[in-house]
Amino acid sequence: MSAFAGVINFDRHEPVNPEYGKAMMAATAHFPSDDRQVIIKDNVFMGCHTQWITPESIGEKQPYYDYDLQLTITADAILDNRKELFDSLGVKKYDRKELPDSELILLAYDKWGNDCPKHLIGDFAFMIWDEKEQKLFGARDLSGYRTLYYMKNPSYIVFSTLIKPMFLLPFIEKKLNEYWLAEYLTITGMIDSLDAIDTPYQSIKQVPPSHSIEVKNGAVSIQRYGSLYSTEKLNLKSDGEYIEAFTEVFTRAVNDRLRTHRNVGSQLSGGLDSGSVASIAAKNLRHSNKELYTFSYIPPKDFEDYTKGHLQPNESPSINSTLSFIRGKKHHFLDFEGKDSFSIIDEMLEDMELPYKFFENSFWLHGMFEEASKHDIGILLNGDQGNFTISWGSALDFYGQLLRTLQWPRLYKELNQYSTIMQGSRLSLLPLISRLAYPKMNFYLETRNNPVNHSVISKEFAERTHIQEKLKMHQFARTGWLPPGTPAQSRKKLLNDLYPWNCGNTLSTKLSIKHGLWKRDPTNDIRVVRFCLSVPDDQFVQKGMDRALIRRSMKGHLPDDIRLNQRVRGAQGLDWVHRAAPHWKGIMEESEKMLNDQFYTRYINPRALHQAFKTLQQGPDVKAGLDPNYRIIMRNLILYRFLKTLN
């Protein structure tokens, strides 16, 4: 609900230069805001550019100073467990309705001190100046849905929601962090960095997701306070009890995220996750005489589907089926005509403040916020993390587990049921299932016989930064991919490690501030995540049905053609080459400049890029959306432009 900034002078007798505060506040002046306030007291400056999203935030003053507690807070937060906090903190009932989340966090800090983030559920980043202790304390939510950057030198600690305001201070230099760059170049997946504390800049750090920061006597301490991952196991009596329990926790997670005095929107695809979120939200909103606004991405009219039927680039038929079932009336199909991944690079870099890898979907992810803001959306729901929570359960992976644990009778029965649903031969699945059963052995054989490495980092740069040693320490393969493991192991790594959360959530925070609305994901609610982790595997795959828990739970909430569909999957972003084709000459010209730029080529292996460049020189192949050569060039163009801003 805000972009905040602050400067603390470690000399408590020396006030902060007022020009520092003016500069940092000016950096956010172009964003929409409902209020802008600053507090300057002794050696402390804190400022906040506030957007009122929830009913309780209307009229909220930030930064807020509590004279009795001698505490000052500035926060970017929406909490989802207000009732539990009210009860634990003894907040009187007549004060609850209008108490903003920032003041609720301050009360939590007063009671629990540095442990207060453990008691908060929601999306948040905040900083508290404790005047009595002469201590700065802050935290970021478990998944890092809101950003929080900081810089410390011998004289100051500076913090901000955004990076740009910090570079307006004369003592902060914009220098490249080459160790971050080495990780970005080497990791060939979507992850940009292994250290969630690092940024592309030497001087700027970030508080990692699920961590708090304490600054006292000039020393910075970063501590982890929690994790999404849980090892607790649920043991209920029947399938029906699992469905009932799941529906209860998931419904609450959705409903808790509808808290806004403005309109509620939801990104809607043709699949299970976003459809489930939209269905629950629409039902709840109707009780308040409100309609859910839905926004769906579709390819342009002249795009020809080149897939073989199991993928669905245009999900309009499935989306219409969901809309008809949930009685959605305020729907928007968005083809973003004239938008593409190449033309939006500069705007994306300006908004992100750092390079990014998810270019295929960049233009429509960006466009969703822009379109939603036109309809006064305060909350934009999505189901981004559903694959790892509510719709967990790959049938073939589960069958690999049955094979590995020698559960032959059950495997035979499940394969028969799965083959009936998928209309295929069960025997044809056995080679794949065997590979899934023993992933490490197959990974070794495949990489030995067919080594694949799409990393473009130069050998000299890799050796200088010791990146391979770091990959090994974090259990990454030399190719820049996570090493093989069972699906459960991969899921645990995603939910327990910090680095997967940085890139996508950074975009959401910064587009949120730019457009004055919040993107929120009930499928990643901590209560939902921990519930799904506690459920036995056989609840997620049953009777030949994958993703079985959500399919059974959404009976009556989604149409059966969506709820029970196992044969066709949505494939957003496969049209990116088609969209970029008119700009191919510009792509080629800039790629050639990049390949001949001595500053850039000291970091990368030109031979790897030249090989990819040759493929693109043949002209745009609109069917090559997943071609690694195309992706290598586009990712490097984005990085190249970013690095040029540092020269």
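**Notebook: strands, cores and salt bridges**

I started with strand S3, residues 44-50. Seven of its seven residues are buried, so S3 is largely enclosed by the rest of the structure. I note here that this is a predicted model.

I then asked which way the side chains of S3 point. Val44, Met46, Cys48 and Thr50 point one way. Phe45, Gly47 and His49 point the other way.

**Neighbours of S3**

I looked up the partners of S3 next. Strand S1, residues 2-9, pairs with S3 in the antiparallel sense, over seven bridges. Strand S2, residues 35-41, also runs antiparallel to S3, and seven bridges join the two. I used His49 as a landmark. Ala3 stands opposite His49. Arg36 stands opposite His49 too.

I followed the chain from S2 into S3. The two strands form a hairpin with two residues between them. Asp42 sits in that turn and has a positive phi of about 55°.

**Helix H6**

I moved on to helix H6, residues 239-256. H6 has 18 residues. From its first C-alpha to its last it reaches 26 Å, close to the 26 Å expected at 1.5 Å a residue.

Which residues of H6 are buried? I listed Tyr242, Phe246, Thr247, Val249, Phe250, Ala253, Val254 and Asp256. I then checked what they pack against. The partners are helix H7 (272-287), strand S18 (518-520), helix H19 (526-534) and helix H20 (548-553).

**Nonpolar cores**

I looked for the largest nonpolar core and found 87 residues in it. Val158, Leu181, Leu185, Tyr356, Leu609 and Leu643 touch the most other members. Helix H26, residues 628-644, gives the most to this core, with 10 residues. Apart from this core lies another, of 37 residues. Ile53, Leu272, Leu381 and Val528 are among its members.

I picked Leu609 for a closer look. What does Leu609 touch, leaving out residues up to four places away in sequence? I found Val456, Met594, Leu595, Tyr600, Ile604, Ile632, Ile633 and Asn636.

**Salt bridges**

I counted 41 salt bridges. I followed three of them.

The first joins Glu350 and Lys164, with the closest N and O atoms 4.0 Å apart. Glu350 is in helix H9, residues 345-352. Lys164 is in the loop between strand S9 (156-160) and helix H5 (178-186). The pair links distant parts of the chain, 186 residues apart. Glu350 counts as exposed, at 53% relative accessibility. Lys164 is partly exposed, with a relative accessible area of 43%.

The second joins Glu347 and Lys514, and here the closest N and O atoms are 3.1 Å apart. Glu347 lies in helix H9 and Lys514 in helix H18 (residues 502-515), so this pair ties together parts that are 167 residues apart in sequence. Glu347 is partly exposed, at 36%. Lys514 counts as partly exposed, at 22%.

For the third, I turned to Arg551 and Asp546. Their side chains meet in a salt bridge of 2.7 Å, N to O. Are these two buried or exposed? Arg551 has 1% relative accessibility, so it counts as buried. Asp546 has 14%, which is under the 20% limit, so it counts as buried as well.

My last entry is a network. Salt bridges that share partners join Asp80, Glu84, Asp123, Arg252, Asp256, Arg257, Arg520, Asp525 and Arg527. I had already met Asp256 among the buried residues of H6.

Terms used
Residues are numbered from 1 along each chain as its sequence is written. This is a predicted model: local features need pLDDT of at least 70, side-chain atom pairs count only at pLDDT 80 or more; totals for chains, interfaces and linings use all residues. Side-chain values use heavy atoms; hydrogens and water are left out. A nonpolar core is a set of buried Ala, Val, Leu, Ile, Met, Phe, Trp, Tyr and Cys residues joined through side-chain atoms within 4.5 Å. Buried means under 20% relative accessible area, exposed over 50%, partly exposed in between (1.4 Å probe, protein chains only). Helices (H or I, at least four residues) and strands (E, at least two) are DSSP runs, numbered from the N terminus. Contact means heavy atoms within 4.5 Å. The expected span of a helix is 1.5 Å times one less than its number of residues. Two strands pair if DSSP finds at least two bridges between them.
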